Amino acid sequence: MLKVLLLFVVLIIGIVLGPIVAGHQGYVLIQTDKYNIETSVTSLFIIFVLLQMVLCFLGWCYRRVMRTGSRTRGWFLGRKRHRAHAQTKEALIKLAEGDFKQVEQLLTRNADHAEQPVVNYLLAAEAAQQRGDEFRTNQYLERAAEVADNNQLPVDITRVRIQLVQGEIHAARHGIDKLLNQASRHPEVLRLAEQAYTRSGAYQSLIDILPTMEKIHLHDESQIHKLRQQAYIGLMNQYMAEQGSEGLKRWWHDQSRKIRHDVVLQVAISEHLIECDDHETAQKIILESLKRQYDERLLLLIPRLKSEDPKPVQKALDHQLKQHGATPLLNSTLGQVALRHGEWEKATKDFKAALDQRPDAHDYAWLADALDKLHKPEEAAQVRREGLVLTLKRESDVMNSVS
């Protein structure tokens, strides 16, 4: 506009001053190979001004056309963005309804114009996975990776989550290892790592990430403790399968005191050693554990021990009897040890003491066996009837509670 105004000013000045200098216009000759153009200076100036005005007008027309085109494109793009926004909202409703086919269609129809195209493609990938369409799942993941640019974390997380659902455990394990290098404290990465490591049997890797899970409070303390126990029991299974009882003993010896004093793990290692027929080591672990703390889970393992010398076990049980008093399980365990080593009188006494404290079908059966050995068939038959009545009564109670 300023240029046009200046041109008009110059033109007016020319019109005013033109007649004054009419007699002194000067002479201009433009000569080419074929033409000679003759004009006055005033005429040349007016032509120049008119040419400038024409050029300004053409520029204005060009800008007007381009601005109109830009507005038109903006209108169309805005319309597509509005449509994508509406379709995304509708897709979320369909997702809540479980209509995954509609979810997939709505999310991908105008995904490139959505507020977050990556989110649309990732949700579409999960919807396709729910339908069992592996091809489209991978297609949407690839498209999400393209539009995500440098922020590939949500794409990689979704890919691992889908791999776990599809049962591609080793692929998910590989993806999780990469994700932990990128975002080792990310809550969802750690959740997926927990699943991948548990299902792939990577128990040492699971143990390694437990401190981080504990620091960010991913689970409460009891759940972390339970996960740790599960991981160590998983390692026990691996060492037993690969190296037998010798490898299992070496591994247990190398663990920290905190791990070796965990009752759940003590019970687990004892069960594994009994399964390996290493009753001597299992007995040593059980009896040492009972010295530190009384736990019925340890007592339940004692009857499974095959020991030539019952004295250490009986001594440990007598010590528990003095410290904690006569409990039904302690009396029953003493009776089972005595029964295993042919001490019928002692077994009878211990089983009767256990039954006086609480009725138990197994104790009735073992007491009857001891009485048979003592040549007391009538008393043994009476005990078996009492055990049968107890069993039938409990079965009846269970049936009534179910019905």
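Let's start with E146, which is exposed, with a relative accessibility of 53%. Please keep in mind that everything I show today comes from a predicted model. E146 has a salt-bridge partner, R143, and the closest N and O atoms of the two are 2.8 Å apart. Whereas E146 counts as exposed, R143 is partly exposed, at 26% relative accessible area. Both sit in helix α5, which covers residues 134–148, and they are 3 residues apart, about one turn of the helix.

Now, a second pair built along one helix. K346 and D350 form a salt bridge too, with 2.9 Å between the closest N and O atoms. Their shared helix is α17, residues 344–357, where they are 4 residues apart, again about one turn. Is D350 buried or exposed? D350 is buried, because its relative accessible area is 8% and the cut-off for buried is under 20%. Its partner K346 is partly exposed, at 27%. Salt bridges can also link up: E126, R161, E188 and R191 are joined into one network through shared partners.

Next, a pair that reaches across the sequence. The side chains of E271 and R304 meet in a salt bridge, at 3.9 Å from N to O. Which parts does this pair tie together? E271 belongs to helix α12 (residues 263–275) and R304 to the loop between α14 (296–299) and α15 (311–324), so the bridge connects parts that are 33 residues apart in sequence. On accessibility, E271 comes out at 32%, which counts as partly exposed, and R304 is partly exposed as well, at 40%.

How many salt bridges are there by this rule? The count is 18. For disulfides, the count is 0. As for individual cysteines, C56 is partly exposed at 22% relative accessibility, and C276 is partly exposed at 25%.

Let me step back to the whole chain. The protein chain has 19 helices and 2 strands. It contains 403 residues, and 36% of them count as buried. Its accessible surface is about 25,100 Å², with 55% of that belonging to carbon and sulfur atoms. If we take contacts between residues at least 6 apart in sequence, 51% join residues at least 24 apart.

One last stop, from the records. An unreviewed UniProt entry carries the annotation "repeat: TPR" over residues 328–361. In the model, that stretch is 82% helix and 0% strand, and its end C-alpha atoms are 13 Å apart.

Thanks for listening, everyone!

Key. Residues are numbered from 1 along each chain as its sequence is written. This is a predicted model: local features need pLDDT of at least 70, side-chain atom pairs count only at pLDDT 80 or more; totals for chains, interfaces and linings use all residues. Side-chain values use heavy atoms; hydrogens and water are left out. Buried means under 20% relative accessible area, exposed over 50%, partly exposed in between (1.4 Å probe, protein chains only). Contact means heavy atoms within 4.5 Å. Accessible areas come from the Shrake-Rupley method with a 1.4 Å probe; for residues, only the protein chains shown count as cover. UniProt positions are given in the numbering used here, feature names are shortened, and annotations may be inferred rather than shown by experiment. A disulfide is a pair of cysteine sulfur atoms within 2.5 Å. A salt bridge is a side-chain nitrogen of Lys or Arg within 4 Å of a carboxyl oxygen of Asp or Glu.
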